[in-house]
Amino acid sequence: MKINIVERKVTLNDTTKEKLESKLLKFDKLLGESAEATATFNTQKDKIFLEIAIRSEDMIIRAETSDPDAKIAIDKIIDILEGQFRKYKTKPARKIKTFT
């Protein structure tokens, strides 16, 4: 998975970037090597806004969150993305159940 980190009006230290990359790499086995993730950090009024868009061959998943601490924002957005992956993974099974 290719990971792009964009910083707007904020500078991140290396530990925060490494934490984000390590958390996003667990989606690598679900999406494959062709997936691309773009993480955008922005700051407004003492809050850090984090937006992540993951593009693969067959789907696009996007989430955003805000928090005063960047590491907590990363944890929040990973939880959101996990829920969305779970939703897309079980969607075919739910369709089969409703038609039978």
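1. Let me start with the lining of the largest pocket, where helix 3 gives the most, with 5 residues. Helix 3 runs over residues 70-99, and helix 2 (28-31) joins it in supplying at least two residues of that lining. Please keep in mind throughout that this is a predicted model.

2. Which residues line the largest pocket? They are Phe27, Leu30, Leu31, Met59, Glu82, Phe85, Arg86, Tyr88 and Lys89. By class, the lining divides into 6 nonpolar and 3 charged residues, with no polar ones. The volume of this pocket comes to about 190 Å³.

3. Phe27 deserves a closer look, as one of the lining residues. The loop between helix 1 and helix 2 holds Phe27. Is Phe27 buried or exposed? Its relative accessible area is 3%, under the 20% cut-off, so Phe27 counts as buried. Setting aside neighbours within four places in sequence, the contacts of Phe27 are Met1, Ile54, Ile78, Leu81, Glu82 and Phe85. Two of these partners, Glu82 and Phe85, also belong to the pocket lining. Lys89, another lining residue, is 62 residues from Phe27 along the chain, and the C-alpha atoms of the two are separated by 12 Å.

4. Now for the overall plan. The protein chain has 3 helices and 4 strands, and their order along the sequence is β-α-α-β-β-β-α. The C-alpha trace spans about 50 × 30 × 15 Å along its principal axes. Of the 100 residues in the chain, 33% are buried. If you take the contacts between residues at least 6 apart in sequence, 49% of them join residues at least 24 apart. The chain exposes about 6,600 Å², and carbon and sulfur atoms supply 50% of that area.

5. Helix 1 (residues 14-24) is a nice one to view end-on. Thr16, Leu20 and Leu24 are its buried residues. Why do they count as lining one face? Seen down the axis of helix 1, the buried residues fall within an arc of 65 degrees, so they line one face of the helix. A general point about α-helices fits here: there are 3.6 residues a turn, so residues three or four places apart point the same way. On the other side of helix 1, Asp14 and Glu18 are exposed.

6. Thr16, within helix 1, is worth a separate comment. Its relative accessible area is 5%, so Thr16 falls in the buried class. Beyond residues up to four places away in sequence, Thr16 touches Ala70, Lys71 and Ile74. These three partners fall within the residue range of helix 3 (70-99).

7. What do Lys45 and Asp46 do in the loop between strand 2 and strand 3? Lys45 sits between strand 2 (36-44) and strand 3 (47-55), and its phi is near 50 degrees, a positive value in a residue other than glycine. Asp46, in the loop between these strands as well, has a positive phi of about 60 degrees although it is not a glycine. As background, most residues other than glycine have a negative phi. Lys45 is exposed, with a relative accessible area of 83%, and Asp46 also counts as exposed, at 71% relative accessibility.

8. Gly32 belongs to the loop between helix 2 and strand 2. With 25% relative accessibility, Gly32 counts as partly exposed. From Gly32 to Lys17 is 15 residues in sequence and 21 Å in space, C-alpha to C-alpha.

9. Finally, Arg62 has its place in strand 4 (residues 60-67). How exposed is Arg62? It is partly exposed, with a relative accessible area of 43%. Arg62 and Ile52 are 10 residues apart along the chain, and 5.7 Å separates their C-alpha atoms. Not counting residues up to four places away in sequence, Arg62 touches Glu51, Ile52, Ala53 and Gln84.

Terms used. Residues are numbered from 1 along each chain as its sequence is written. This is a predicted model: local features need pLDDT of at least 70, side-chain atom pairs count only at pLDDT 80 or more; totals for chains, interfaces and linings use all residues. Side-chain values use heavy atoms; hydrogens and water are left out. On a 1 Å grid over the protein atoms alone, a cavity is a set of points where a 1.4 Å probe fits but cannot get out, and a pocket is an open set with protein on both sides within 12 Å along at least five of seven lines; lining residues have an atom within 4 Å of a point. Grid points are joined across faces, edges and corners, and a volume is the space filled by probe spheres set on the points. Ala, Val, Leu, Ile, Met, Phe, Trp, Tyr, Cys and Pro count as nonpolar, Asp, Glu, Lys and Arg as charged, and the others, Gly among them, as polar. Buried means under 20% relative accessible area, exposed over 50%, partly exposed in between (1.4 Å probe, protein chains only). The arc is that of the directions from the helix axis to the C-beta atoms. Contact means heavy atoms within 4.5 Å. Accessible areas come from the Shrake-Rupley method with a 1.4 Å probe; for residues, only the protein chains shown count as cover.
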